[in-house]
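User: Hi! I'm new to reading protein models and would like a close look at one part. Could you walk me through some charged pairs?

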Amino acid sequence: MTRVLRDERLASRLITRSGHHLQGEPVASSSRSSSSSASASTTVGGPPKRCATALLLETLTTGLAAVREPRLVRERFEEELRALVRASSVTFRQDGDGRQRPNVVSYEVPGSPFVDRPWLEAVFDPSRPADDRARQMLAAGAQVAGLLLEIERANGRWPLACARGRSDGAAPLIGSSLAIRTVRDRIERVAATDFTVLIEGESGTGKELVARQIHALSRRRRAPFIAVNCAAIVETLIEAELFGIEERTATGVRGRRGKFEHAHEGTLFLDEVSDLSPAAQAKLLRAIQDLSVERVGGCGARRVDTRIIVASNRSLAMLVEQGRFRLDLYYRLNGVDVQVPPLRHRRDDVGELTTYFLERHRTFRPLSLSTAATDALLAYDWPGNVRELERVIERAVALAGGPFLELDDLPPVLLGDYAEVVLPALHDRSSMRAWGSRYARLVLERCGNNKRQACRQLGISYHTLQGYLRFGSEKADARATG
């Protein structure tokens, strides 16, 4: 496959084809520029310039030359293009229809004719929409993506295999609330450094997603991102998992590298670091402090160039006060912190997240959110945060009986007061005046039956309040006599 990627004639035709209608911004040439890129981008009477397609093609020929599996090439291509255009996500979609949607830019992927040709789709942050340069880069990316599809087709794979929906993993940092904008700003500032980062937040808020975005925006983005769940590692194996083990340390044991070495020149993400035992904390402190590891059974330290990002769903400062976390390790980890807010503190983002999850499953069942279901989702406290919201939407997509997601499609535990008040009223077809009468009686009761105070709180006149109370009494009398 590497030979296909380095085919100069194919690259030249691809660049020439896009160069007639797409002029990317000039990019400073580098020593690694391919000859095809330089020749296709040379202007008469001026220095060589490379269009956006040439830049992306060079990324394939140089940065991805060692990757043999077409699917892996495609995933790396998506990540590279996402970083170039500064989008929340870049994916292939089989069901792309070219319709304009908020914060979404899509281009049809050229290539051999086949049914339902994929689209290259980029989702942008609402606070940072796509500019002209990003659109040019995406248009160029669609041209290069055609080459990727042809590679898969030449390897005996159906090209539409690339146009899959992303049903796994957490959502990007969707939302436009002040809380999530603050997190994005902190991510961009932290990503420019190599400092150790501490991410704190409740379970399900997206701490690993924050860590991945820090890595994707950093200078280490071309190196591995290694995630380790510290709570899932057996205590007796923690040292071998993190630092590695030498060959034949014990009978039947094969030598292998640890997570620190796997993340060399990249990022090591230690999730739930608060669950480490005191002994494991001491070993981790030594590795972070010296930036070197010693394999189990080894006799010498190995230097590693690894950025450390740790996460905890509990406050490490509180654990230090309780004597359950080492103070020196806490000071080593707490240089730069990122606080991920729970979903209940950014309710304005619930609607955008819900729309995002529904769009992800649109190929299986296109659903729209009803107004009543939207109100119920906004009123819920979401103890499981974004992860819980994702599971709720998946349940609704699987069980919904119509084109709209209604209250009946939501779990009973999520409805809360809606199940006791709203649903019976909907089934009884209660009028707006009946609702007003019921609410007026509740406010009057909270005001200690002081009608003047209830009028001030409701913002209505005394005569209007009397009408609501009289309506409720008449309805009660009618039910009693009936």
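How exposed is aspartate 290, in relative accessibility?

Analyst: Happy to help! This is a predicted model, in which local features need pLDDT of at least 70 and side-chain atom pairs count only at pLDDT 80 or more, while totals for chains, interfaces and linings use all residues. Residues are numbered from 1 along each chain as its sequence is written, and side-chain values use heavy atoms, with hydrogens and water left out.

Aspartate 290 counts as partly exposed, at 27% relative accessibility. Here, buried means under 20% relative accessible area, exposed means over 50%, and partly exposed is in between (1.4 Å probe, protein chains only). The partner of aspartate 290 in a salt bridge is arginine 286, with 2.4 Å between the closest N and O atoms. A salt bridge is a side-chain nitrogen of Lys or Arg within 4 Å of a carboxyl oxygen of Asp or Glu. Side chains of opposite charge can pair when their charged atoms come close.

Both residues belong to helix 11 (residues 278-290), four residues apart, or about one turn of the helix. Helices are DSSP runs (H or I, at least four residues), as are strands (E, at least two), numbered from the N terminus. Arginine 286 is exposed, at 59% relative accessible area.

Now compare another pair. Arginine 346 and aspartate 349 form a salt bridge with closest N and O atoms 3.0 Å apart, and both of these residues are buried.

Finally, a network of salt bridges links Asp194, Arg219, Arg220 and Asp305. The search of the whole structure finds 19 salt bridges.
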